[in-house]
Every structure is written in structure tokens, then in C-alpha cells.
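Here are my notes on the model you sent round. Have it open while you read, and go through the points in order.

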Amino acid sequence: MEKEGVKLVGFWVSPFAQRVKWALKMKGVEYEYIEEDVWNKSALLLELNPVYKKVPVLVHNGKVLAESRIILEYIDETWKNAPLLMPQDPYERAMARFWADFSEKKVLEAGFEALCTRGERQEKAVSSTIEALEKLEQVLKGKKFLGGDSVGYLDLVVGWLAYMMPIWEELASMKILDSSKFPALDEWINNFLSHPGIKDDLPTEEKMKGYFYHLSRKVAPLFYGGEI
Ligand SMILES: N[C@@H](CCC(=O)N[C@@H](CS)C(=O)NCC(=O)O)C(=O)O
């Protein structure tokens with residue numbers, strides 16, 4: 001692989017790769033995109049990310065970075081032009097990292113479990129997701145974006161929720177994003193999706209529906225102990 005330039009190894013439906021694409025676009029960084037098949041991993045991915053063997057991987061002038069949230073911070077620190085993704089105040093920055101971690105552990109994990117389960121287990125997963133979103137609703141109150149007046153790191157981390165959760169809700173016949181329960185989140189979804197560049201490069205709903213329909217049926221017995 002050439003040493004110069006920026007390359008992103010991603011997977012079309014990966015919310016983790018998507019946040020990196022958004023960050024590079026917002027910063028105006030030109031890059032080569034390399035599509036990976038995470039179900040049949042290439043030698044390149046295994047060489048670039050031997051530790052986790054996951055996408056996204058960013059390669060910048062031959063330096064290799066894995067883990068999307070770390071990549072977002074690297075992008076912000078390397079391309080210091082606007083928009084700044086991380087808050088400038090150390091406490092606010094720590095809080096952004098805290099809520100990003102929380103959203104991954106509590107919203108994404110429980111939401112995905114709700115997609116891949118049914119019955120009592122799904123009900124519990126839906127409740128856990130809603131409980132976690134109640135916390136994010138509080139974080140958002142009075143702000144246009146999680147980053148304040150403009151889209152920042154935390155918005156990009158939570159961004160999957162805006163376009164992916166409605167698809168999961170439909171596929172798994174569940175209601176999570178209730179606008180009467182989450183008015184701030186509802187407004188944020190509209191603000192986020194209408195922000196320039198955010199909706200440009202998303203996979204189509206039909207393609208995501210097909211993918212998650214099959215994925216949920218495939219992983220249900222493997223990870224959640226039952227067919228759906
Ligand atoms: N914590 C990682 C998660 C990355 C991740 O789970 N990527 C998935 C695609 S959505 C992947 O590469 N999966 C392959 C595997 O789990 O073996 C990040 O933030 O980058």
C-alpha cells in the first residue's frame with residue numbers, strides 16, 4: 001500500500017465507518033475508500049488491523065489507525081481546520097467522550113439486541129434502549145446538536161441512531177424513538193440529517209433493510225440464544 005495520502009477501509013453499512021466518512025468529509029480531507037467484506041476478510045484488513053480485525057481502519061501517510069472514536073479524534077487533531085469536532089474545554093471534551101462511550105455501550109448494544117430478539121428478551125432490550133436514550137435526551141436538552149450549535153464528535157458517534165434505528169424499529173416491529181417521549185432527540189434527528197453532507201453518502205433504506213433482516217436472523221441464534 002502506498003505511503004502517501006489518506007485511505008479508509010470501511011464496510012458500506014458499518015455505522016463505525018460511516019462516522020469516519022462524515023468526519024473526513026466535514027474536514028474536507030480527500031481520501032481513497034477501500035470497501036471491505038467483513039464476512040470474508042481480506043488479507044489487507046488482517047494486515048492493517050491484526051488486533052481487532054475490524055473496520056474502519058484509517059491509513060494516513062502509512063500510519064495505521066483502528067477504532068472509529070480514536071480515528072475521529074486523530075482526524076480532528078491532524079486537520080485542525082474548522083469544523084472542530086471535539087469541544088475545546090477539557091471538561092466538555094471529557095464529557096463528550098463519556099457520552100460517546102455510554103451511547104456505544106448502552107444504546108447501540110441494547111438497540112441491536114432488540115433488533116435480534118423477540119418476546120420477553122426483546123421487551124427488556126427495548127426498555128434498556130429507551131432508558132439509555134432518556135439520558136441522552138437530557139444531554140441534548142436546549143441544544144441543537146450534541147456538540148452544541150454545530151455538529152461535533154458526539155453527533156458523529158451517535159449519528160447511526162438517526163438513520164439506522166428507524167429501520168431496526170420497522171424490521172423488529174418495535175417502537176423506541178417516540179417523539180413525544182424524546183422531543184429533543186426527535187429534533188436532533190431532523191437537524192442532524194439535514195446538515196450538509198450527512199445524508200449524502202448513506203446506504204439506501206432498501207439495502208439496509210435487506211442487510212439487517214438477514215443479519216438479525218443470522219446472529220439471533222449465535223449471540224442471543226434463539227431463532228427469530
Ligand atoms: N469499536 C469498533 C467497532 C468496529 C466494528 O464492530 N466493525 C464491524 C463492522 S460494523 C466489523 O468490522 N466487524 C467484523 C468482526 O466483528 O469481525 C470501532 O468503533 O471501530
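**Notes on the predicted model**

1. Lysine 27 first: at 5% relative accessibility it counts as buried, where buried means under 20% relative accessible area, exposed over 50%, and partly exposed anything in between (1.4 Å probe, protein chains only). Lysine 27 sits in helix H1; helices (H or I, at least four residues) and strands (E, at least two) are DSSP runs, numbered from the N terminus.

2. Before going further, some housekeeping. This is a predicted model, in which local features need pLDDT of at least 70 and side-chain atom pairs count only at pLDDT 80 or more, while totals for chains, interfaces and linings use all residues. Residues are numbered from 1 along each chain as its sequence is written, and side-chain values use heavy atoms, with hydrogens and water left out.

3. What does the side chain of lysine 27 reach? One partner is the backbone oxygen of tryptophan 79, at 2.8 Å. There is also a polar contact of 2.9 Å between the side chains of lysine 27 and aspartate 76. A polar contact here is a pair of N or O atoms within 3.5 Å; within protein, one must be able to donate a hydrogen and the other to accept it, and residues adjacent in sequence count only if both atoms are side-chain atoms. Not counting residues up to four places away in sequence, lysine 27 touches Ile75, Asp76, Trp79, Lys80, Asn81, Pro83, Leu84 and Leu85, with contact meaning heavy atoms within 4.5 Å.

4. Now the sheet. It is open, has 4 strands in the order E2-E1-E3-E4, and its pairing is mixed; two strands pair if DSSP finds at least two bridges between them. Strands E2 (32–35) and E4 (63–66) are at the edges with a single partner strand each, so one side of each has no neighbour in the sheet. On average, neighbouring strands of this sheet are turned by 20° against each other, direction ignored. Helix H1 packs on the sheet and touches E1, E2 and strand E3 (57–60), its direction making about 155° with that of E1. Axes are lines fitted to C-alpha atoms, for helices over the stretch in contact, and angles run from 0 to 180 degrees between N-to-C directions.

5. Going through the pairings: strand E1 (residues 6–10) runs parallel to E2, over 4 bridges, and leucine 8 has tyrosine 33 in E2 as its bridge partner. E1 and E3 are antiparallel, again over 4 bridges, with valine 59 in E3 as the bridge partner of lysine 7. E3 and E4 also run antiparallel and are joined by 4 bridges; there, leucine 58 is matched with leucine 65 in E4.

6. E3 deserves a second look. Both of its faces are covered, with Val57 and Val59 buried on one side and Leu58 and His60 buried on the other. E3 and E4 form a hairpin with 2 residues between them, and asparagine 61 in the turn has a positive phi of about 45°.

7. Which residues are around the ligand? They are Ser14, Phe16, Val38, Lys41, Lys54, Val55, Pro56, Glu67 and Ser68, each with a heavy atom within 4 Å of it. A nitrogen atom of the ligand lies 2.9 Å from a backbone N or O atom of valine 55. In the side chain of glutamate 67, an N or O atom is 2.8 Å from a ligand nitrogen atom, and for the side chain of serine 68 the value is 2.6 Å, to an oxygen atom of the ligand. Taken alone the ligand exposes 510 Å², and the protein buries 74% of that; accessible areas come from the Shrake-Rupley method with a 1.4 Å probe, and for residues only the protein chains shown count as cover.

8. Two more buried side chains to check. Glutamine 122, in helix H5, is buried at a relative accessible area of 10%, and its side chain reaches the backbone oxygen of alanine 114 at 3.0 Å. Tryptophan 160 belongs to helix H7 and is buried too, at 2%. Leaving aside neighbours within four places in sequence, the contacts of tryptophan 160 include Pro15, Arg19 and Trp22.

9. Last, helix H8 (residues 183–193). Its buried residues are Ala184, Leu185, Trp188, Ile189, Asn191, Phe192 and Leu193. Their cover includes helices H1 (15–27), H5 (119–140), H6 (153–158) and H7 (160–171).
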